[in-house]
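Student: I'd like a close look at one part of this model, namely how a few of its helices pack. Could you walk me through it?

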Amino acid sequence: MNQELNKIIVIGGGAAGMMAAITAARKGNQVVLLEKNEKLGKKLYITGKGRCNLTNACDMDELFRNVVTNPKFMYGSFYSYNNFDTMDFFEEIGLKTKIERGNRVFPESDKSSDVLGVLLKELKRQNVDIRYESEVTEILIKDNSFYGIKLNGNNEIITGVKVIIATGGLSYPSTGSNGDGFRFAKSMGHSVTKLFPSLVPMNVEELNLVKELQGLSLKNIHIGITSKNKEIYSDFGELLFTHFGVSGPVILSASSYCIPYMDNKDLILLIDLKPALSKEQLDARILRDFDEFSNKQYKNALDQLLPRKLIQVIIALSNIDPEKKVNLITREERSRLVDLLKGFKFHITRLRDYNEAVITKGGIQVKEINPSTMESKLVSNVFFAGEVLDVDALTGGFNLQIAWSTAYAAGNAV
Ligand SMILES: Cc1cc2nc3c(=O)[nH]c(=O)nc-3n(C[C@H](O)[C@H](O)[C@H](O)COP(=O)(O)OP(=O)(O)OC[C@H]3O[C@@H](n4cnc5c(N)ncnc54)[C@H](O)[C@@H]3O)c2cc1C
């Protein structure tokens, strides 16, 4: 049995675990960081399509607006460690960053490996004892207070004064996050809210249509999602058709709001392909095109209006004879076309699973956690940070900011 006393133990070497370990070590603590994988930050490495959108350079209001679940819980930790503190931190440890469209912050090199590289260097500089292939299987509690953890099921015990649990959620389980933290929390009497894959693509009923459109990305479209004829989400953005349905930034964000309605089985996605034009303006625009191509057949007259892949699909759905000369198309037929372009309709059947979800919605009930320190209100000397908590946000660097801020709060408090 390996006894190590007076140590801060951090479980999970993801974004939150690394930040918590660095922060705790900078305060003069002895820190051991336990990661079950053979390397740190497997998920961080794949973030932002390998570029790592590490935070968002927006103002405080915007930061809170992008937190979908439990924004109030984030008050303490965002105010003591915000997105600009994150940027300063990374600059200070040697990472140059840049700000892109939508205030998204990336490493100047466009390489998530550089984010990992500077974190690893800083962990070493702070003498954090990093143990790879060290899977924690049990948290040991005595007299309602933490005293140690059990490793790898081989009865090796590491004792310590405090523990920070930063084991992540359930999404992309191949990166190591398989829900251990939820199990640990429950074993200590914490409640875990219902868990769902979120920021995730969607399946639609109209499989034949999406298969034809597969690979097509539509920028600057507007989507509306309704349930029982009530709009539950609406936004502008980029959408991608896949072989099973729809994906892309605007769909991932929408998924976060669809979760409570999935049981209703009546979710409808309406895509406005021409959001900058009113129906009247769009009709006038189509008329101009039809004037220009007056001797062409309908099937050859939409080239200026739509991307090539969409043309065949829209022609088929508009119920207008493709061979018809455009100067013979009636006002009603044009009106049908306008309605279709302003309301391209799909029935959402389900959300994809954890293997494709950017985050897990749900987690450890935040009422049971001190929002300034991330300490458990139920068991002494146990802290939580990152995705294991019931807090989640939209895409744009906000989920990593939640990880950095909660980890800083925990690392600072231990
Ligand atoms: C494809 C993808 C792209 C993303 N892109 C972005 C982005 O660009 N910007 C953004 O803000 N967010 C992004 N996210 C979300 C972001 O990655 C997460 O919110 C963030 O990684 C959560 O950090 P975490 O440290 O809480 O958990 P994780 O990063 O999941 O880390 C948890 C760690 O704990 C370890 N662990 C688990 N159980 C144990 C155990 N029992 N013992 C020891 N170790 C254990 C795991 O192996 C893992 O290394 C993306 C997510 C995905 C899946």
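Student: How are α10 and α12 oriented to each other, and why?

Tutor: Bear in mind that this is a predicted model. Start with the two helices themselves: α10 covers residues 279-292 and α12 covers residues 331-342, and their axes come within 10 Å and cross at roughly 120°. Angles of 65 to 115 degrees would count as roughly perpendicular and those over 145 as roughly antiparallel, with the rest, once the roughly parallel ones under 35 are set aside, called oblique. So α10 and α12 end up oblique to each other. As for the hand, α10 and α12 cross in a right-handed way. On the α10 side, the contact is built from K279, L282, D283, I286, L287 and F290, while α12 brings R334, L337, V338, D339, L341 and K342. Sort the residues where α10 meets α12 by class and you get seven nonpolar and five charged, with no polar ones.

Now stay on α12 and look at its contact with α11. Helix α11 spans residues 308-318, and it packs on α12 at about 125°, the axes being 10 Å apart. That angle makes α11 oblique to α12. The crossing of α11 with α12 is right-handed. Here I314, L317 and S318 of α11 touch R336, L337, L340 and L341 of α12. In class terms, the contact of α11 with α12 holds five nonpolar residues, one polar and one charged. Notice that L337 and L341 of α12 turn up in the contact with α10 and also in the one with α11.

For a contrasting pair, go to α1 (residues 15-26) and α6 (residues 112-125), whose axes come within 10 Å and cross at roughly 30°. That makes α1 roughly parallel to α6. The hand is left-handed as α1 passes α6. M18, A21, I22 and R26 are the α1 residues in this contact, and L116, L119, E122 and L123 are those from α6. The split for α1 with α6 is six nonpolar and two charged, with no polar residues.

Since α1 starts at residue 15, it's worth a glance at the ligand too. A polar backbone atom of A15 is 3.2 Å from an oxygen atom of the ligand, and for A16 a backbone N or O atom lies 2.9 Å from a ligand oxygen. A16 is also among the residues that come nearest, out of 35 around the ligand, along with E35, D180, E387 and L400. On the side-chain front, an N or O atom of N37 is 3.3 Å from an oxygen atom of the ligand.

Methods
Residues are numbered from 1 along each chain as its sequence is written. This is a predicted model: local features need pLDDT of at least 70, side-chain atom pairs count only at pLDDT 80 or more; totals for chains, interfaces and linings use all residues. Side-chain values use heavy atoms; hydrogens and water are left out. Axes are lines fitted to C-alpha atoms, for helices over the stretch in contact, and angles run from 0 to 180 degrees between N-to-C directions. Helices (H or I, at least four residues) and strands (E, at least two) are DSSP runs, numbered from the N terminus. A crossing is left-handed if the near helix is turned anticlockwise from the far one by less than a right angle, and right-handed if clockwise. Contact means heavy atoms within 4.5 Å. Ala, Val, Leu, Ile, Met, Phe, Trp, Tyr, Cys and Pro count as nonpolar, Asp, Glu, Lys and Arg as charged, and the others, Gly among them, as polar. A residue is near a molecule or strand if one of its heavy atoms lies within 4 Å of it. A polar contact is a pair of N or O atoms within 3.5 Å; within protein, one must be able to donate a hydrogen and the other to accept it, and residues adjacent in sequence count only if both atoms are side-chain atoms.
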